[in-house]
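Biologist: I'd like to go through this one with you, piece by piece. Could you pull it up so we can talk it over?

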Amino acid sequence: MLRAFANAFKIPDLRKKILFTIAIIAVFRLGSAIPAPDINLGALRALQGQVRSQSALTFIDLFSGGALTRFAVFSLGIMPYITSSIIMQLLGVVIPRLEQWQKQGEIGIKKITQATRYMTVVLALLQSTGLVFLFNSQFHVVRVFSAPRVILIVLTLTAGTAMIMWLGELVTQRGIGNGMSILIFTSVISRLPAEGAAILSQAGPGKFYFLLLLGVGIVLAVVWMEQGQRRIPVQYAKRVVGRRMMGGQSTYIPLKVNQAGVIPIIFAASVLYFPSLLQNVIHVSWFQNFVNNYILKQSSLVYMVIYGSLVVFFAYFYTAITFNPLDTADNIRKYGGFIPGIRPGRPTAEYLSNILNRITLPGSLFLAAIALIPSIFLAIWAITAFPFGGTTILITVGVALETMKQLESQLMMRHYEGFLR
């Protein structure tokens, strides 16, 4: 692997891409440390301690790299863009125009990307306004709470989100690729040293080393699950085109066990985030007690059941949206292919759908177990400094594997030995 890194820096074009990506990451981390204007820095200390006890806000803070607890310019992080991308994917199933754009190739992708940007700005405006009112009502983070100051802070946080989106696209276009994923990866790993030190001071060396070994085991499990796939053989019949014999080859359709990735966890956390916002509007005692005792308390059994069930549900839901067995079966039949032993057309679609439903079950249960690891240890050992440990590893390992594959392809194109053997 060290030789592969050395080979990557020997190639001028690839070296420029890596150095450019590092520079963008440095700018991103700088924006995560600069506080928004007119913020009471003394009140932020109380905010940092309180956010850790609320699961929804901890999830947003994870994706912002700790910028939320510092109320920095990049406080919202990449979450508005992720949410808008997910919404556009969901609307593509409902709105025929978006479905047409998805089938238009590069032109349609540009239109969808532009709509996603506009939706990201709108969501950033709404989320920044809600966070300013929420944090000021509980912690008084704004020095002078007036309309002009609030508008200034909201516009600053929205502009920060737009800049993060721009930085991610720069990494995709001029860097090593996967810009948004790289920024998420940077945000997540930036929290690891502080969280490790907090676990060591709170739980002691014995539990710390046990959790460290558990983390290594989770890494191995995530790599094994991310690489796991069911290969469906496809045989293409021979046909004569002019004077040439075409087709006759055999290939396969790779169906991943974890087809949805980390998206179901993000979905479930977003759904659990709404009750925490509604309790500031709905001042009913039973509703506020339920939210505070069960929804915002990660160690409660009700929270674990609701969160795990949502992860499993959204794993099936997102897999059904992103993979359409009917379209896949039609494409196979259109190009003269067939699955051995299965008739083309609807029987092929039903066969693919049954296999996908079966392999999604272990993938969804694996995601639920990964998502609930912090809550389980929070309930057993009362460790508060272990937020989203399994989710953190899932994101970091997934992005690291994708980045290594991209660098691998760049090296193999230039006849160098890559990372993966």
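Modeller: Here it is, and keep in mind that this is a predicted model.

Biologist: Let's start with salt bridges: which residue does Glu169 meet in a salt bridge?

Modeller: The pair links distant parts of the chain, 52 residues apart, with Glu169 sitting in helix α8 and its partner in helix α7. The N to O distance is 2.9 Å, and the partner is Arg117.

Biologist: Is Glu169 buried or exposed?

Modeller: The cut-off for buried is under 20% relative accessible area. Glu169 comes in at 17%. Arg117, across the bridge, counts as partly exposed at 27%. Glu169, then, is buried.

Biologist: And how many salt bridges does the structure hold?

Modeller: Besides Glu169 with Arg117, there is Asp38 with Arg149, where the closest N and O atoms are 3.0 Å apart. Asp330 also pairs with Arg333, at 3.4 Å between the closest N and O atoms. The count for the structure is three.

Biologist: How many residues apart in sequence are the parts that Asp38 and Arg149 tie together?

Modeller: Asp38 lies in the loop between α2 (12-31) and α3 (41-51), while Arg149 belongs to helix α8 (residues 147-174). Asp38 is partly exposed at 21%, and Arg149 is partly exposed too, at 33%. Given those two places in the chain, the pair ties together parts whose separation in sequence is 111 residues.

Biologist: Which helix do Asp330 and Arg333 both lie in?

Modeller: In an α-helix there are 3.6 residues a turn, so residues three or four places apart point the same way. Asp330 and Arg333 are three residues apart, about one turn. Relative accessibility is 34% for Asp330 and 49% for Arg333, which counts as partly exposed. Their helix is α15 (residues 325-334).

Biologist: Back to α7: what distance separates its end C-alpha atoms?

Modeller: The helix has 34 residues, 106-139, and at 1.5 Å a residue they should span 50 Å. Right after α7 comes His140, with a positive phi near 55°. The end-to-end distance agrees with the expected span, at 47 Å.

Biologist: Which residue's backbone oxygen lies 3.0 Å from a polar atom of the Ser128 side chain?

Modeller: Ser128 is in helix α7, and at 0% relative accessibility it counts as buried. The 3.0 Å contact of its side chain is with the backbone oxygen of Leu125.

Biologist: Now the sheet. Which strands stand at the edges?

Modeller: The sheet is open and antiparallel, with three strands in the order β4-β1-β5. Strand β1 (residues 229-236) is joined to β4 by seven bridges, and Arg231 has Pro254 in β4 as its bridge partner. Each edge strand has a single partner strand, so one side is left without a neighbour in the sheet; the two are β4 (250-256) and β5 (337-338).

Biologist: How far apart in space are Gln235 and Ile339?

Modeller: Gln235 is in strand β1 and is partly exposed, at 25%. Ile339 is 104 residues away from Gln235 in sequence, yet C-alpha to C-alpha the distance in space is 6.2 Å.

Biologist: Last one: what is the area of the nonpolar surface patch that includes Ile282?

Modeller: Ile282 sits in the loop between α12 (263-278) and α13 (285-295), partly exposed at 34%. Phe274, Leu278, Val284 and Trp286 make the patch together with Ile282, and its area is about 500 Å².

Notes. Residues numbered from 1 in each chain as written. Predicted model: local features only at pLDDT ≥ 70, side-chain atom pairs only at ≥ 80, totals over all residues. Heavy atoms only, no water. Helix = DSSP H or I, 4+ residues; strand = E, 2+ residues; numbered from the N terminus. Expected span 1.5 Å × (residues − 1). Patch = residues over 30% accessible without salt bridge, like charges linked within 9 Å, V, L, I, M, F, W, Y side chains within 5 Å. Areas by Shrake-Rupley, 256 points an atom, 1.4 Å probe, with all protein chains shown as cover. Salt bridge = Lys/Arg side-chain N within 4 Å of Asp/Glu carboxyl O. Buried < 20%, exposed > 50% of the residue type's maximum accessible area, 1.4 Å probe, protein only. Pairing = 2+ DSSP bridges. Polar contact = N/O pair within 3.5 Å; in protein donor to acceptor, adjacent residues only side chain to side chain.
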